[in-house]
Amino acid sequence: MTLISLYNWLYNRYGPQRWWPADTPFEMMVGAILTQQTRWENVEKAIECMKIKGLLSPEKIIKAGEELTECIRITGFYRQKEKRLKALSRFLIEKGDELWKMDTLSLRKALLSVEGVGKETADSILLYAFERPVFVVDAYTLRILQCAGVSVKRYEEVRKLFESSLPTDVELYKEYHALLVAHGKNACSKNMCEDCIVKHLKL
DNA sequence: ACCCAGGGTCATA
DNA sequence: TATGACCATGGG
């Protein structure tokens, strides 16, 4: 059992996921902040609200007040997330187009310097907004590997494990991470390792 | 009533 | 480096 056959197993089980569900790179980045430790369904509501209020741009967000607060309240941690959205917006306005010319490593470092953008959020943005071949590791990824009997290491090591075991393919990375989340939500959430089907796959 | 969600930061040891 | 507290609303 390899990570490639795990992908095939997940794909056969759940089908194509077609992530990230967003119309623009900026919308994707906003979603990445808002979905931290939060159900995606509530993020969708928040983003829809922001669209209706015309707040879905960096320029509007840095100037926004109570309107923005009310839109994102549903996603929880909303005081933090409001600051984070503003920090991200300031960052994007300041850097402008040069971000798209940067090499992936520099871009990753730059993203990590933004308040509220940690490893997973940065890597999500790199993969889904900037289309860079970076494998996104999250809590589900670690848990599923654990369920499957793979000795789980730290974040960076797991990322390198996937990146070195798979062809460097942005579309593959996108689907794979989405599939891991799909399976995680379905059968491998917290304290559900016994029901997590991948443990029977013998990796 | 209780557990958890598509994390990150900060203080502490 | 590695834990733990904290952030906060909403769904099961």
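A helix here is a DSSP run of H or I covering at least four residues, with numbering from the N terminus. By this criterion, A110 belongs to helix α7, which spans residues 104-112. The structure is a predicted model, and the description below moves from its overall architecture to its domains, then to the DNA and finally back to A110.

Chain A contains 11 helices and zero strands. Read along the sequence, the pattern of chain A is accordingly α-α-α-α-α-α-α-α-α-α-α. As to overall dimensions, the C-alpha atoms of chain A occupy a box of roughly 55 × 35 × 25 Å along the principal axes. The radius of gyration of chain A is 17 Å, which agrees with the value near 17 Å expected for a compact globule because the chain has 203 residues. Of these 203 residues, 32% are buried. The contacts of chain A can also be examined by sequence separation: among those between residues at least 6 apart in sequence, 66% link residues at least 24 apart.

The domain assignment divides chain A into domain 1, made of 3-18 + 135-200, and domain 2, made of 25-129. Between the C-alpha centres of domain 1 and domain 2 the distance is 25 Å. Where the two meet, seven residues of domain 1 are in contact with six residues of domain 2. On the domain 1 side, helix α11 (residues 170-187) supplies the largest share, three residues. By class, that side of domain 1 comprises five nonpolar and two charged residues, with no polar ones.

Attention now turns to the nucleic acid. DNA strand C is surrounded by Q37, N42, R73, I74, G76, F77, Y78, R79, Q80 and R154. Helix α6 (residues 78-95) contributes the largest share of this surface, namely three residues. In terms of class, the surface near DNA strand C has three nonpolar, four polar and three charged residues.

The remaining point concerns the environment of A110. Is A110 buried or exposed? A residue counts as buried if 20 or more other C-beta atoms lie within 10 Å of its own, and as exposed if 12 or fewer do. A110 has 16 other C-beta atoms within 10 Å and is therefore partly exposed. Its spatial relation to E94 may be added: A110 and E94 are separated by 16 residues in sequence and by 12 Å in space, C-alpha to C-alpha.

Technical notes: Residues numbered from 1 in each chain as written. Chains lettered and ligands numbered in written order. Predicted model: local features only at pLDDT ≥ 70, side-chain atom pairs only at ≥ 80, totals over all residues. Helix = DSSP H or I, 4+ residues; strand = E, 2+ residues; numbered from the N terminus. Near = placed C-beta within 6 Å. Nonpolar A, V, L, I, M, F, W, Y, C, P; charged D, E, K, R; others polar. Rg over C-alpha atoms; globule rule 2.2 N^0.38 Å. Domains from an automatic or database assignment.
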